[in-house]
Every structure is written in structure tokens, then in C-alpha cells.
Amino acid sequence: MARPLKKTIDYFPHDCIQSIGLFLIQSRFGKSFGYRVYYELKELLGISDDLTLEYTDDKRKLYVEAKLDVERNKLEKVLSFMAEIGILHKDSYEAGYLFSPELVLSVEDVYKKRKTPKPHPPCEDMTEISL
């Protein structure tokens, strides 16, 4: 029996040099809270097939809210801001999906060794990241 194709990641880089996006999240929402949500969301996306998490109905939103331990109203504000500054793919977020081009770019080398293609945003082709 063939081994199933892997659609998740086991790791992502945790750079010592902070990205502009992380800095902006911390500036807007507080250093500890912003840092935690930024990295815990990356972890959650990393264990999701194609690094994408559906965020369309109440059950899925409750799951993300519980996994990140963030109250819904505050979570919506953080995710919306992340989409606004490009950490989350804006069109995908607006369509109800959480997808981070930044995360995909940080683990690009993983997909060079796999038979599965590099994940792309559910709603359009990958766009360049400027942060």
C-alpha cells in the first residue's frame, strides 16, 4: 500500500528578525497577545491540509477561537488586520478561508522534496509578499 501524500508541515522557521507584519500586529494588539496569535495561527495552519483552514461557519470559527484561546470579536479584528496587511491572503479570508502566503514562502523548500505541489490560496493565484 502506498504512503498517503502529506498535505501538512511539521515545522516552520521562527526567525530571530521580526517581520514587519508581526511588528504591526504587536503594535496594534499588544506585544504578548500579537506574538502569540501570530505564531499559534501559523501552527494551526501548519497542521491543516494545504496550509488552509476553512473559516466559514460557526463550528469552524469556534474551533479556531478555542485553539487560539481568543474571544470571537477580538479574533475577528486580528484576522481582519492580518488580511489587511498581507499576512493572510485577503481574498481567501473574505471568502471564508485562512491562508498565509507568508507561511507558504517560509516552507517552500519542503515542497521541493514532495510530490504534492506547493499550496496556493483557495481564491486566486499566489501574490507577492512585500512584508
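Helices here are DSSP runs of H or I with at least four residues, strands are runs of E with at least two, and both are numbered from the N terminus. What you're looking at is a predicted model, so local features need pLDDT of at least 70 and side-chain atom pairs count only at pLDDT 80 or more, while totals for chains, interfaces and linings use all residues. Residues are numbered from 1 along each chain as its sequence is written, and side-chain values use heavy atoms, with hydrogens and water left out.

**View A. Helix α3 and its buried side.** Helix α3 spans residues 58–68, and its buried residues are Val64, Glu65 and Leu68. (Buried is under 20% relative accessible area, exposed is over 50%, and partly exposed is in between, with a 1.4 Å probe and protein chains only.) The three cover an arc of only 100 degrees around the axis, so they end up on the same side of α3; that arc is taken from the directions from the helix axis to the C-beta atoms. Turn to the face pointing away from the buried side and you'll find the exposed residues Lys59 and Ala66. The cover over the buried residues of α3 includes α2, β1 (52–54), α4 and β2 (97–99), where contact means heavy atoms within 4.5 Å.

**View B. The two ends of α3.** At the start of the helix, a side-chain oxygen of Asp57 comes to within 3.2 Å of the backbone nitrogen of Lys59. That kind of polar contact is a pair of N or O atoms within 3.5 Å; within protein, one must be able to donate a hydrogen and the other to accept it, and residues adjacent in sequence count only if both atoms are side-chain atoms. After α3 comes Asp69, with a positive phi near 55 degrees.

**View C. Helix α1 and what it packs against.** Gly21, Leu22, Ile25, Gln26 and Phe29 are the buried residues of α1. They share one side of the helix, because their arc around the axis is only 135 degrees. Helices α2 and α4 are what these buried residues pack against. Just past α1 sits Gly30, again with a positive phi, near 105 degrees.

**View D. An edge-to-face pair, Phe29 with Phe81.** The ring centres of Phe29 and Phe81 are 5.8 Å apart and the planes meet at 70 degrees, which makes the pair edge-to-face. (Rings of Phe, Tyr and Trp, the last by its six-membered ring, pair if their centres lie within 6.5 Å; planes under 30 degrees apart are stacked, over 60 edge-to-face, and the rest tilted.) Phe29 belongs to helix α1 (residues 20–29) and Phe81 to helix α4 (residues 72–84), so the pair ties together parts that are 52 residues apart in sequence. Both phenylalanines are buried. By the ring rule, the count for the model comes to four aromatic pairs.

**View E. The tyrosines of α2.** Tyr35 and Tyr39 make a tilted pair, 5.0 Å centre to centre with 55 degrees between the planes. Both sit in helix α2, four residues apart, or about one turn of the helix. Tyr35 is partly exposed at 34% relative accessibility, whereas Tyr39 is buried at 10%. Ring pairs also link Phe12, Tyr35, Tyr38 and Tyr39 into a cluster.

**View F. Tyr38 between Lys42 and Glu102.** Lys42 lies in helix α2 (residues 31–46) and counts as buried, with 7% relative accessibility. Its side chain makes a polar contact of 3.2 Å with the side chain of Tyr38. The side chain of Glu102 also reaches the Tyr38 side chain, in a polar contact of 2.6 Å. Glu102 is in helix α6 (residues 101–106) and is buried too, at 12%. Skipping neighbours within four places in sequence, Lys42 is in contact with Phe12, Glu102 and Leu103.

**View G. Charges over rings.** The charged end of Lys61 sits over the ring of Tyr55, 5.3 Å from its centre. Arg114 lies over the face of Tyr111, at 5.1 Å from the ring centre. To qualify, NZ of Lys or CZ of Arg must be within 6 Å of the ring centre and within 35 degrees of the ring normal.

**View H. Pro119 alongside Asp50.** Pro119 lies in the segment after α7 (108–112) and is buried, at 4% relative accessible area. Its C-alpha atom is 5.2 Å from that of Asp50, although the two residues are 69 apart along the chain.
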